[in-house]
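Trainee: I am new to this structure and would be grateful for a close look at a single part. Which residues line the second largest cavity, and what surrounds them?

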Amino acid sequence: DRQTLVAVLQFLRRSNLRESEEILRREARLLGDDLGGNVATVATSSPGVAAVAAVPPGKGEARGDCGVGPSSRREPRAVESPCATRSLGGSPVSSPSSKITHSGDVVGGTVVVEDQPDVSAVLSAYNQQGDPTLYEEYYSGLKHFIECSLDCHRAELSQLFYPLFVHMYLELVYNQHESEAKSFFERFHGDQECYYQDDLRVLSSVTKKEHMKGNETMLDFRTSKFVLRISRDSYQLLKRHLQEKQNNQIWNIVQEHLYIDIFDGMPRSKQQIDAMVGSLAGEAKREANKAKVFFGLLKEPEFDVPLDDEDEEGENEEGKPKKKKPKKDNVGSKSKKQDPNAPPQNRIPLPELKDSDKLDKVMNMKEAARRVRLGPECLPSICFYTFLNAYQGLTAVDITDDSSMIVGGFADSTVRVWSVTPKKLRSVKTAADLSLIDKESDDVLERIMDEKTASELKILYGHSGPVYGTSFSPDRNYLLSCSEDGTVRLWSLQTFTCLVGYKGHNYPVWDTQFSPYGYYFVSGGHDRVARLWATDHYQPLRIFAGHLADVTCTRFHPNSNYIATGSADRTIRLWDVLNGNCVRIFTGHKGPIHSLAFSPNGRFLATGATDGRVLLWDIAHGLMVGELKGHTDTVYALRFSRDGEILASGSMDNTVRLWDAVKAFEDLETDDFTTATGHINLPENSQDLLLGTYMTKSTPVVHLHFTRRNLLLAAGAYSSQ
């Protein structure tokens, strides 16, 4: 009774046992500090608090599941009565005395809670509610209702099957009804969509309550609400059915664990839904893609380009016949106008251009003047670099922007840099030799190089695990590599030594990439976050957290204001470098994402995954605008040609495919209705966008690169099987 409870609380307070007092007050649902007699009224039961209730009377131990963690504050449920919560045995534990007897043990339990606040609080939401033997009946009842509903609603409501199946199964496991859980799983797991097979394999290994504690996938499922996008008509239909049937079990799960994004208008078709679903946490909420994104390009600095009559030597390495071009006054003045969709020039601080960068820009413009215009009638030549005898296991490749060097990351922890041009790789001379050089001479940059060190290949040692990502800086002075050892290393290409090891990730780092302007770089890893770094800071500048699984690939937007990350949770996110916010979430892939490429104009993003599909996204509207089917294995490499006319994709199926990007992005339906509801209309057949397929003998394609004149370079390691 109340008096006894107040007396015990006052005794605890006098004895300075604040923690026990807190727990008891929370269990008894007594609020307010004043224990002088007018203790506040008993609060309604909230699902995260029923910890003692989950202990059968008579068993003198309470698991540390009292809702202390961040996620334990949930809205009250309509079903339970305030003081009688159901125990495992099914009989209400209502007498306050039984609560007090357990309170002492809960104190012991809090240690566990402090240790892992989220785990216990999250799982305790699975307190028992329904009769375990009826779960199959509830589920099959709903299934029957959905399958008998009209076609237009059936496709939308079928999205409920998977999240409900997982939550009901986990609820049975958590409450230790192992045999019921097993039969529930066996009866219904075959009905789930094929793209959830991997998740179901993980789920089938969770058969006991103890298994749930350390299982990340399950915790994600518990903490993040599964998002479904359903039209208002379909939702009303579902709600009416569940309320008529008094099917509280399912209705509770829908209210607590699912986020239903309701839109007005026509329900979506099966194809439209299938294109968008498949990620770990359902679709993206519509407001997730509402923020404004400055996808335009920054204005190039202006300077005059001297056009020589004669080609300089070594410039025509690619062996193309010289074409006479009408002379332009100065190519540098090409883009005088500011792109209306571009971010302000000073939105994020970018490094100043050095003289060497300006020279490089001039070279780039000269090369661009000789660039081949690609299109369906004029496909690029492809030059394939095959790594032979790569028993060290090739794990990453990158090629410099001017196509003069190629780097490979290997499973034996080495990073190997090759020169692709006749010019050999040389290191800077020793300090003693450098002091003898005339600093004023014109060719001082040549003189500081040591000819004795010239070689085609340099090997960089330093990592202590496989190297999963490599990236050259735009000015070709630096090289980044990231590894299983949890570090990102910055190497000098002047001395071929390691300058910095960036330690921030505690687990393998899967990818890293330099910003197109240098200075900044991004890394993503097994710890599910991407980090933004600057070369002169040893701590990250931004941490982008939000993915529910490994961040497998990272890419900078051409204007360097945004970063795209692809993840094993089957979503792609776009992050704003300025404030670290997530401004786009793209769902639709059915497997982990392994490649990303922005179109040169910054408007579109192409993504490739283990499902063999290449998806195209309109960044401004946050919409999927194309699906390229053809590859039969993971797509590991994607690259747009320099003018954005062609998209090249390379895959583990040993092929390079070329797609017509112009055609894929023309006549896009991006009206407000499509944007609001996700009624995307993808062309039935992507074969008419496929311009060519090129097989290698037995070499999976790991990297693609268009040279400044639009020759396509591809790379991979020959596999003998």
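Mentor: A cavity is, on a 1 Å grid over the protein atoms alone, a set of points where a 1.4 Å probe fits but cannot get out, and lining residues have an atom within 4 Å of a point. Grid points are joined across faces, edges and corners, and a volume is the space filled by probe spheres set on the points. The structure is a predicted model, in which local features need pLDDT of at least 70 and side-chain atom pairs count only at pLDDT 80 or more, whereas totals for chains, interfaces and linings use all residues. Residues are numbered from 1 along each chain as its sequence is written, and side-chain values use heavy atoms, with hydrogens and water left out.

The predictor's confidence in each residue, pLDDT, runs from 0 to 100. Its mean for the protein is 79, and 78% of the residues reach 70 or more.

A search of the whole structure yields four cavities of 30 Å³ or more. The second largest cavity holds about 40 Å³ of space. Its lining consists of L616, L628, F640, L647, W659, D660, A661, A664, F665 and L689. Two elements each give two or more residues to this lining, namely β30 (655-660) and α18 (661-665); helices (H or I, at least four residues) and strands (E, at least two) are DSSP runs, numbered from the N terminus. The largest share, three residues, comes from α18.

In character, the lining divides into nine nonpolar residues, no polar ones and one charged residue. Here Ala, Val, Leu, Ile, Met, Phe, Trp, Tyr, Cys and Pro count as nonpolar, Asp, Glu, Lys and Arg as charged, and the others, Gly among them, as polar.

Strand β30 also belongs to an open sheet of four strands, in the order β28-β29-β30-β31, with antiparallel pairing; two strands pair if DSSP finds at least two bridges between them. The edge strands, each pairing on one side only, are β28 (635-640) and β31 (690-695). From one strand to the next the twist averages 15°, where axes are lines fitted to C-alpha atoms, for helices over the stretch in contact, and angles run from 0 to 180 degrees between N-to-C directions. Five bridges join β30 and β31 in the antiparallel sense, and V656 has Y694 in β31 as its bridge partner. Thus β30 takes part both in the lining of the cavity and in the sheet.

Terms used
On a 1 Å grid over the protein atoms alone, a cavity is a set of points where a 1.4 Å probe fits but cannot get out, and a pocket is an open set with protein on both sides within 12 Å along at least five of seven lines; lining residues have an atom within 4 Å of a point.
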